[in-house]
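Work through the following exercises with the sequence and the 3D structure at hand, and try each task before reading its solution.

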Amino acid sequence: MNVIEHGRGKPPLDPHLKALENEAIHIFREVAAEFERPVMLYSIGKDSSVLLHLALKAFHPGKLPFPLVHIDTGWKFPEMIAFRDQVVARHGLDLIAHTNPDGLRDNVTPFSHGSARYTDIMKTQALKQSLDMGRYDAAFGGARRDEEASRAKERIYSFRTPDHAWDPRNQRPELWSIYNGMIRSGESVRAFPLSNWTEVDIWRYIQAENIDLVPLYFAKRRKVVERDGMLILAEDKRLELLPGEQVREEMVRFRTLGCFPLTGAVRSEATTLDEVIEELEIATVSERQGRAIDRDQSGSMEKKKREGYF
Amino acid sequence: MTALTSAATQPLPLDDAHITDPQAAKAGRQARPLRFITCGSVDDGKSTLIGRLLWDTKAVKEDQAAALRRDSTGKQNELGLPDFALLLDGLQAEREQGITIDVAYRYFATDRRSFIVADTPGHVQYTRNMATGASTADLAVLLVDARAGILEQTRRHATIAAMMGIRQFVLAVNKIDLSEYDEAGFQAIARSFREIALSLGVRQVTAIPVSALKGENIVLRGDDVMPWYTGPTLVEALEKATQRTGQTTGFRLPVQRVSRPGEGFRGYQGTVAGGSIKPGDSVVVLPSGVEANVKAIVTYDLVRNAAVHGDAITLVLDRPVDVARGDMIAAIDQRPQTGRAFNARLVALSLDGIVPGKRYWLKAGSRRQRVMVRPTSALDLTTGNWDDAPFLAMNGIGVVELDFEDTAIFDNYETNRETGAFILIDPDTFNTVAGGMIDGKRSKAGRFDALPDADRATVTLPARLLEAFLKTEFARAHAGEIRVTAPEENDGE
């Protein structure tokens, strides 16, 4: 068997990124070796793209020894779904897309049910259904500790009960880089290879490794409407304008991608990776500022995580 | 950044000029981040200290600052500052109780260096989480309250940090403003801490009088109020710290998985845990003892001509050998120790402590095996003495004997922190119940050799019978009086 090389002529990673990459690959291999049915959660965003790239590196020259799961709420940006399908085809990935059938039946939308209830049904419950159906005992996720205060508390192996509940007060000690993967039937572990990465690390790595991203991350003139202090993309017929709202065209991009009605764009002129990184380095707000679901109340991310959300 | 050494001592105002320094983010790309922990007794102000550190190094974003101001409502102190601890104590229970339960990892940078800080809990019941943070740290910042001085918990944390190989301590004597910036009091605390540190084998201690709340000697100097202090600020001390190296062994590759994507390719995947390797080098596979040469080092990017400590690689050997997960590929001329009996130090992390004679799972690198653990002595934190002890209570620190059912492969922790460390897993609960550090291979022949010749008998047994004999209660009870001469070194028979 020939070993394909991907890196000819590419400058080496700086020591900081190299160390992060090595750590992530180590975690991927450890989980794949210790668990019977691992799966990777793929959300199409920048962190997922880095996660997938690292997974390909970890198991090279073999294929990924696990499938990918995408929780499709039905409200993702259309560009995301197109990008997902391209990536799956290019790497020959085994992708399982799952939508909560109960939510579909009851026509649960971000507009009709509010962001909290919608997120619970279409994301948290959907995720649990999907993990249960596959009887997965380990799920890779792209969460980073710098995202949010309760995530800063997560272990790299985050233990979950058979109900997918996380108990932040009773986490296993995690010493050195020795991970305890022993669980009982029904229990599972969420594994976070990107735990020690920051947003800037993610972008620098994308640049250094030339990783493809959904075009929404780069600035372009797009139709938007201002709602609850967020710039919402107005390119989907399902978005009903409220009285007084006006669609404008503005130069915007996204710092984080989720469901289009709940993810705010930022005004930006950054059309290339270099410009995005430059913009990020002088940014005065954190990336999650554009996420509606984080703003419900202080501690709401922890609550969602306890209930089984990533 | 000249601002870091300016003489400003006023508490920083909450204006936007102090939020997010564009220069800071670009810093420190040329080395891996310095990892440090903050520890010490509860209420010594650790979370406030790190919150202050993040704030003053401009790592707090506007929306986070706004949330902090919002959440601080009603908790504002007399200086009109937000409650910095809320930046760290991200769990509801922590906020309700005003304590840190679990480690929070935070990332920040100055123009000289990037840092990962683990804010670890002070409460005795959460010592396991402090040990978690210490295991990967280069440096420990120990906080004491200037009014209270050194407490048992300070000593416990210093001991755990030192045992885990941390050789640089910063003693932050906090709340110095509440002791009227008393120099004599500060010096007395620094002196008694240096004595403790010396007894633990730590040679580098930097003592700094600080007020985390007011931001004095954290990032900005406190010259106005403490003209008598001429040493570094906390940030300066962190910028000058060295990274731990701590491994002096030859090549080590604990095998995580065997990659066989198709006919003709067989690679051993793992992270280099010591030394370096290049094609053509001779290696030994342990425990089997089979020797081979390295044919290729494969990574996704390149077929490489060398790999060094820390690299995640796939190794191809020049001949078909039997290698499995849990094996170790090592330098042929600098082998780790193999055997069935080792001495180690332990930190007990679970409620039940460490039960003598109980069989635990031990995981070291990628190798998991059964082990019997026998505590022999425990550290008395009030006296600093090691007392005989057959049992290790929760949060206890002790010396133990490890007896394995099959060959174990280790280096001493002193020479390699990766191949010398292990965790213990309770077979009943699957919880991680201890972290351990290897102190060397133990000869089971100690007491045997002390016997007069007339009392010794030599019995020859086939290997399989010997296995069975060694597992009997009799053999265990008399383990110290039995010397096994051949199979110990010949486990791959």
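**Exercise 1.** Find the loop of chain B in which Pro287(B) lies, and then determine whether the peptide bond leading into this residue from Leu286(B) is cis or trans.

*Solution.* In this predicted model, Pro287(B) lies in the loop that runs between strand 11 (282–286) and strand 12 (290–298) of chain B. The next step is to look at the peptide bond from Leu286(B) to Pro287(B), for which omega is near 15°, and this bond is cis.

Chain A offers a further case for practice. The peptide bond from His60(A) to Pro61(A) is cis as well, with omega near 5°, and Pro61(A) is placed in the loop between helix 2 (46–59) and strand 2 (68–71) of chain A.

**Exercise 2.** For Ile44(A) and Phe430(B), state the sign of phi, locate each residue, and decide whether it is buried or exposed.

*Solution.* Begin with Ile44(A), which is not a glycine and yet has a positive phi of about 80°. Ile44(A) is found in the loop between strand 1 (38–41) and helix 2 of chain A. Its relative accessible area is 0%, and therefore Ile44(A) is buried.

Continue with Phe430(B), which is likewise not a glycine and has a positive phi of about 65°. Phe430(B) sits in the loop between strand 22 (421–425) and strand 23 (432–441) of chain B. The cut-off for a buried residue is a relative accessible area under 20%, and Phe430(B), with 15%, is therefore buried.

**Exercise 3.** Locate Arg160(A) and decide from its relative accessibility whether it is buried or exposed.

*Solution.* Arg160(A) belongs to strand 5 (residues 157–160) of chain A. Because its relative accessibility is 0%, Arg160(A) counts as buried. As a last step, compare positions in sequence and in space: Arg160(A) and Gly141(A) are 19 residues apart along the chain, and their C-alpha atoms are separated by 13 Å.

**Exercise 4.** Describe how helix 5 of chain B and helix 6 of chain B pack, and list the residues through which they meet.

*Solution.* Two packed helices are described by the angle between their axes and by the distance between those axes. For helix 5 (residues 127–134) and helix 6 (residues 152–163) of chain B, the angle is about 35° and the axes are 10 Å apart. The crossing of these two helices of chain B is right-handed.

From helix 5 of chain B, the residues Thr127(B), Met130(B), Ala131(B) and Ala134(B) take part, and they meet Gln153(B), Arg156(B), His157(B), Ile160(B) and Ala161(B) of helix 6 of chain B. Sorted by class, this contact has five nonpolar, three polar and one charged residues.

**Exercise 5.** How many residues has the largest nonpolar core, and which residues does Phe36(B) touch?

*Solution.* The largest nonpolar core has 80 residues, and those with the most contacts inside it include Phe36(B), Val141(B) and Leu238(B). Strand 4 (residues 139–145) of chain B gives the largest share of this core, namely six residues. The core draws at least three residues from each of domain 1 (16–240) and domain 3 (337–455) of chain B.

Now turn to Phe36(B) itself: if residues up to four places away in sequence are not counted, its contacts include Leu53(B), Phe108(B), Phe115(B), Val141(B) and Leu238(B).

Technical notes. Residues are numbered from 1 along each chain as its sequence is written. Chains are lettered from A and ligands numbered from 1 in the order in which they are written. This is a predicted model: local features need pLDDT of at least 70, side-chain atom pairs count only at pLDDT 80 or more; totals for chains, interfaces and linings use all residues. Side-chain values use heavy atoms; hydrogens and water are left out. Axes are lines fitted to C-alpha atoms, for helices over the stretch in contact, and angles run from 0 to 180 degrees between N-to-C directions. Helices (H or I, at least four residues) and strands (E, at least two) are DSSP runs, numbered from the N terminus. A crossing is left-handed if the near helix is turned anticlockwise from the far one by less than a right angle, and right-handed if clockwise. Contact means heavy atoms within 4.5 Å. Ala, Val, Leu, Ile, Met, Phe, Trp, Tyr, Cys and Pro count as nonpolar, Asp, Glu, Lys and Arg as charged, and the others, Gly among them, as polar. A nonpolar core is a set of buried Ala, Val, Leu, Ile, Met, Phe, Trp, Tyr and Cys residues joined through side-chain atoms within 4.5 Å. Buried means under 20% relative accessible area, exposed over 50%, partly exposed in between (1.4 Å probe, protein chains only). Domain bounds come from an automatic or database domain assignment.
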